[in-house]
Amino acid sequence: MESQKQHPRSLSFEFFPPRTSEGVERLRAARRQLGQLRPRFFSVTYGAGGSTRDRTLETVLETRAEGHDAAPHLSCIGSTRADIAQTLELYRSHGIRHIVALRGDLPSGAASAGELRYASELVEFIRATTGDWFSIEVACYPEVHPQARSAADDLRHFKRKIDAGANGAITQYFYNADAYFRFVEECEALGIDVPIVPGVMPIGNFSQLARFSDACGAEIPRWLRLKLQGFADDTASIRSLGLDVVTDLCDRLLAAGAPGLHFYTMNQAGLTSTIWQRLGL
Ligand code: FAD
């Protein structure tokens with residue numbers, strides 16, 4: 001963890017672009033609450049093939065208008081080089097200088113994977129077309145991406161993204177701190193020295209969490225899964241245990257030198273701000 005300790009601490013919150021006017025209002029309220037915690041930036045997700053492009057940009061611009069830094073995500077799957085170049089120009093024309101670059105996942109039934117196959121190719125493309133204009137974050141997977149052939153392969157592919165010019169990384173969420181510590185040590189051994197910020201998923205709803213985790217390859221430890229499952233629809237108990245577990249996790253990560261935390265907020269402020277307060281940040 002030595003190389004991680006040299007980076008300034010970065011705290012950030014992720015949103016998805018809302019679909020409805022009620023969603024927009026709920027997000028505004030969440031942003032007001034979370035904005036008081038003075039994060040380094042907010043980030044806004046991007047749907048495969050550009051399906052949320054306008055709403056992602058709108059959410060980013062509204063966040064910036066409130067005085068916060070905001071980074072749009074950009075995924076390459078299902079898109080052509082021309083589509084991506086156009087989106088980069090659009091971001092640049094609004095003075096956006098910080099993006100999260102991803103491959104994305106193809107929705108079922110989608111016809112074409114697009115012209116760039118992997119996020120490393122997207123990072124190369126961004127650097128080739130826009131030079132150093134953007135600061136680029138990429139994703140990484142302490143518990144291994146579900147489609148990777150092996151953990152070693154996945155790590156090599158992560159390094160490609162850094163070698164292509166990414167400035168930092170945000171991890172998929174995890175509940176096993178040791179997976180993160182080991183991953184960071186392996187990155188250091190390969191000479192990767194960009195900040196690797198843990199992604200944190202607060203726990204508020206067990207069935208949703210189980211569904212996400214199965215899809216993205218994040219492990220819910222057996223004891224935790226069984227306890228959460230045992231609470232059935234007793235939301236108060238789920239949230240209470242979830243807050244204890246996730247606060248302890250964040251505490252351990254920061255104490256060991258993690259260069260910050262990136263919260264997957266699901267557009268809700270409550271759990272994230274409670275964790276933050278308990279951490280005394
Ligand atoms: P990549 O780095 O391209 O890796 C994908 C898989 O391909 C891995 O298994 C990797 O090992 C393998 N691979 C990479 N390069 C090669 C190669 N050259 N040859 C063979 N195999 C290779 N999704 C969205 O749609 N929108 C979002 O806004 C979004 N935001 C996210 C934010 C964060 C912080 C994270 C962690 C994930 C996010 N995702 C988002 C999900 C992400 O798109 C998926 O996890 C996706 O499956 C992989 O994206 P990636 O950028 O990590 O892909």
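Which residues in α3 meet Asp83, Gln86, Thr87, Leu90 and Tyr91 in α4? To find out, start with these two helices; note that the model on screen is predicted.

**Stop 1: α3 and α4**

Select residues 53-65, which form helix α3, and residues 81-93, which form helix α4. The α3 residues in question are Arg53, Thr56 and Leu57. Show their side chains together with Asp83, Gln86, Thr87, Leu90 and Tyr91 of α4. Sorted by class, this contact between α3 and α4 comprises three nonpolar, three polar and two charged residues.

Now look at the geometry of the pair. The axes of α3 and α4 come within 12 Å, and they cross at roughly 20°. Angles under 35 degrees count as roughly parallel, so α3 and α4 fall into that class. Their crossing is right-handed.

**Stop 2: α4 and α5**

Keep α4 selected and add residues 119-130, helix α5. Here the packing angle is about 60°, and the axes of α4 and α5 lie 11 Å apart. Because of that angle, α4 is oblique to α5. The crossing of α4 past α5 is right-handed.

For the contact itself, pick Arg81, Ile84, Ala85, Leu88 and Arg92 on the α4 side. On the α5 side, pick Leu122, Phe125, Ile126, Thr129 and Thr130. By class, the contact of α4 with α5 is made up of six nonpolar, two polar and two charged residues.

**Stop 3: the second largest pocket**

Clear the helices and move to the second largest pocket, whose volume is about 270 Å³. To centre the view, select Gly204, Gln208, Met266, Gln268 and Leu271, the closest to the pocket centre of the 14 residues that line it.

Which helix gives the most to this lining? Colour α8 (206-216) and α11 (270-279), each of which supplies at least two residues of the lining. The answer is α8, with three residues. In terms of class, the lining of the second largest pocket has seven nonpolar, six polar and one charged residues.

**Stop 4: the cavity**

How many cavities of 30 Å³ or more does the structure hold? There is one. The largest cavity contains about 50 Å³ of space.

Its lining can be selected in three runs of the numbering. Begin with Tyr141, Pro142, Glu143 and Val144, which are among the residues that line the largest cavity. Add Gln172, Tyr173 and Phe174, also part of that lining. Finish with Cys216, Gly217 and Ala218, which complete the lining of the largest cavity. By class, the residues around the largest cavity divide into seven nonpolar, two polar and one charged.

Definitions and conventions: Residues are numbered from 1 along each chain as its sequence is written. This is a predicted model: local features need pLDDT of at least 70, side-chain atom pairs count only at pLDDT 80 or more; totals for chains, interfaces and linings use all residues. Side-chain values use heavy atoms; hydrogens and water are left out. Axes are lines fitted to C-alpha atoms, for helices over the stretch in contact, and angles run from 0 to 180 degrees between N-to-C directions. Helices (H or I, at least four residues) and strands (E, at least two) are DSSP runs, numbered from the N terminus. Angles under 35 degrees count as roughly parallel, over 145 as roughly antiparallel, 65 to 115 as roughly perpendicular and the rest as oblique. A crossing is left-handed if the near helix is turned anticlockwise from the far one by less than a right angle, and right-handed if clockwise. Contact means heavy atoms within 4.5 Å. Ala, Val, Leu, Ile, Met, Phe, Trp, Tyr, Cys and Pro count as nonpolar, Asp, Glu, Lys and Arg as charged, and the others, Gly among them, as polar. On a 1 Å grid over the protein atoms alone, a cavity is a set of points where a 1.4 Å probe fits but cannot get out, and a pocket is an open set with protein on both sides within 12 Å along at least five of seven lines; lining residues have an atom within 4 Å of a point. Grid points are joined across faces, edges and corners, and a volume is the space filled by probe spheres set on the points.
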